[in-house]
Amino acid sequence: MIDIRVLGSGREVGRSAILIDTGTEKLLFDYGIEVQDMGVPKMPPLNLDGVFISHAHLDHSGLAPQLYAAGYEGRTFMTSATRDISYELLKDSLHVQKKKGIRPHFLPAHINVMEENTKIIENGEGVSIGKSKISLESSGHIPGSSQTILETKNDKLLYTADIKFIDTQLMSGAHTEFDDVKTIISESTYSYTDHPDRKSLEDRLREIAQETLYNNGILLLPAFAVGRTQELLLILSDLGFPIVMDGMGIEITEKILMHPDSIRDADKLASAFSEAGKARRDSQRASVLQEPCIIITTSGMMNGGPISYYMKHLHKRKDCAIVQTGFQVEGTVGRVFKDTGRYVTNGLDVNSHMKYDFLDFSAHTDRSHLIEFYKKLNPENIVLVHGDHAEDFAAELREEHGFNASAPANGEKINV
Ligand SMILES: [Zn+2]
Ligand SMILES: [Zn+2]
């Protein structure tokens with residue numbers, strides 16, 4: 001018997017935190033923060049036997065240093081790529097917390113304490129803690145991302161974390177060869193819909209790039225630093241157009257290239273990255289705007305970062321285009337832009353005259369692939385987390401597919 005207590009990400013996307021009690025070991029899978037409003041999960045007991053971080057995104061890793069601030073003294077396990085990328089994001093998140101005027105949840109010193117207590121397990125490897133064996137397998141979501149597998153004498157539990165089954169330009173699809181899984185704790189971000197065909201999305205993006213640059217315009221791509229920046233770079237790199245990168249995506253790409261096994265084709269990314277221009281200062285940005293080019297820059301939801309500079313200078317230009325390629329959370333500058341075409345930030349409120357498109361290059365799987373995965377593994381129990389529609393999906397899995405599926409609320413405990 002295993003107790004699963006959802007501390008965060010119950011019926012919501014954000015602040016993943018799942019407490020597992022095997023009867024002999026207490027383990028914590030992820031400890032994330034709600035990125036937009038900085039919401040925190042419930043606090044776990046601090047006598048944990050181990051913390052496992054599935055990937056670097058802050059909704060999974062963002063509060064792990066707080067455990068050490070609160071007095072946790074044990075180990076945190078993750079892949080080496082997750083370690084290197086998450087430390088960049090954690091440091092950046094402290095700046096953001098400061099900027100938003102929020103009392104920081106931990107200090108830079110706690111990131112260091114976590115680093116000292118981090119034990120690396122790569123995907124395909126495992127560790128024994130007491131009577132439990134925990135291993136990691138790739139989840140195909142971003143470089144370094146893992147699924148976590150827990151085995152005890154009588155039970156086998158799989159936590160998908162964020163998962164993508166198909167190959168993308170950057171990532172190979174998730175590992176799916178599992179035997180005898182009794183319980184799946186599954187993300188359900190896109191349980192309500194299917195994504196458009198990936199290949200046609202890529203073709204459409206290349207078309208927009210060609211149309212824009214042949215017209216002497218600039219194509220502006222706001223992109224998340226981890227995963228999306230590199231994916232867009234790979235999709236567009238062989239068109240022969242000048243590409244300029246700006247913002248945190250540059251440092252993150254360097255980190256990713258230090259872990260060539262975490263991606264599909266490190267040589268291709270390395271050469272696309274070395275060919276791309278890098279803008280770091282406003283003087284460089286000003287000269288980037290002189291010629292037709294593709295600009296890939298943070299932040300992905302347009303809330304800050306160098307995208308502000310480019311929007312200020314490009315919003316009036318009808319010959320330029322902007323394409324959003326990722327989910328825009330309610331309340332962000334990017335969401336307002338998507339819904340209204342207005343760019344509203346820092347005292348600026350302007351209508352954009354640039355051509356606009358939204359292309360859904362999600363790093364999460366979708367509804368059909370989730371159902372296919374459950375049917376393949378045929379577990380006794382499915383526990384849905386990390387989705388705004390988790391309850392509806394659980395009902396559907398019970399009624400139409402005969403699974404014992406549930407979608408616990410935060411704080412709720414399930415015994416499997
Ligand atoms: Zn993620
Ligand atoms: Zn997530």
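In the predicted model, helices H5 and H6 pack with their axes 10 Å apart and at an angle of about 70°. Because angles from 65 to 115 degrees fall into that class, H5 counts as roughly perpendicular to H6. On the H5 side the contact is formed by Arg-198, Glu-202, Leu-205, Arg-206 and Ala-209, and on the H6 side by Glu-231, Leu-232, Ile-235 and Leu-236.

Helix H6 (residues 228-236) also packs against helix H8 (residues 266-275), here at an angle of about 85° and again with an axis separation of 10 Å. H6 is therefore roughly perpendicular to H8 as well. Gln-230, Leu-233 and Leu-234 of H6 meet Lys-268, Leu-269, Ala-272 and Phe-273 of H8 in this contact. The surroundings of H6 extend beyond these two helices: its buried residues pack against helix H5 (198-214), strand E12 (219-222), strand E13 (243-246), helix H7 (249-257), H8 and strand E15 (294-297). Since 9 of the 9 residues of H6 are buried, the helix is largely enclosed by the rest of the structure. The buried set includes the polar or charged positions Arg-228, Thr-229, Gln-230 and Glu-231 together with Leu-232, Leu-233, Leu-234, Ile-235 and Leu-236.

Ser-191 is placed in the loop between strand E11 (183-187) and H5. With a relative accessibility of 2%, Ser-191 is classed as buried, because the limit for that class is 20%. When residues up to four places away in sequence are set aside, Ser-191 touches Arg-367, Leu-370, His-389 and Phe-393.

Strand E11 in turn pairs with strand E10, in the parallel sense and over 3 bridges. Within this pairing, Tyr-159 stands opposite Ile-185 of E11. On its other pairing, E10 is joined to E9 by 4 bridges, and these two strands run antiparallel. A hairpin of 4 residues connects E9 to E10, and Leu-150 has Leu-157 of E10 as its bridge partner. Strand E10 (residues 156-159) is covered on both faces, with Lys-156 and Leu-158 buried on one side and Leu-157 and Tyr-159 buried on the other. In a regular strand, side chains alternate between the two faces of the sheet.

A further sheet is open and consists of 7 strands in the order E6-E5-E4-E3-E2-E1-E22, with mixed pairing. Strand E6 (118-120) and strand E22 (413-415) form its edges, each pairing on one side only. From one strand to the next, the twist averages 25°. At the E6 edge, strand E5 (residues 76-78) is joined to E6 by 3 bridges, and the two run parallel. Met-78 lies opposite Ile-120 of E6.

The zinc ion (ligand 1) is coordinated by His-55 through NE2, His-57 through ND1, His-141 through NE2 and Asp-162 through OD, at 2.1 to 2.3 Å. Along the chain these donors follow the spacing H-x1-H-x83-H-x20-D. The 4 donor atoms subtend angles of 90 to 165°, which makes the arrangement around the zinc ion (ligand 1) irregular. Distant parts of the chain are linked in this way by His-57 and His-141, which are 84 residues apart: His-57 belongs to the loop between strand E4 (50-52) and helix H1 (58-61), and His-141 to the loop between strand E8 (132-138) and strand E9 (146-151). The two histidines fall into separate accessibility classes, for His-57 is partly exposed at 22% relative accessibility, whereas His-141 is buried at 5%. Asp-162 acts as a bridge between the zinc ion (ligand 1) and the zinc ion (ligand 2), which lie 3.5 Å apart.

Lys-316 occupies the loop between helix H10 (307-314) and strand E16 (321-324). Its relative accessible area of 64% exceeds the cut-off of 50%, so Lys-316 counts as exposed. Between the C-alpha atoms of Lys-316 and Pro-306 the distance is 17 Å, for a separation of 10 residues in sequence.

Conventions: Residues numbered from 1 in each chain as written. Chains lettered and ligands numbered in written order. Predicted model: local features only at pLDDT ≥ 70, side-chain atom pairs only at ≥ 80, totals over all residues. Heavy atoms only, no water. Donors = N, O, S within 2.8 Å, 3.2 Å for Na, K, Ca; no water. Tetrahedral: all angles 85-135°; square planar, octahedral: opposite > 155°, others 65-115°. Buried < 20%, exposed > 50% of the residue type's maximum accessible area, 1.4 Å probe, protein only. Pairing = 2+ DSSP bridges. Axes fitted to C-alpha atoms, helices over the stretch in contact; angles between N-to-C directions. Parallel < 35°, antiparallel > 145°, perpendicular 65-115°, else oblique. Contact = heavy atoms within 4.5 Å.
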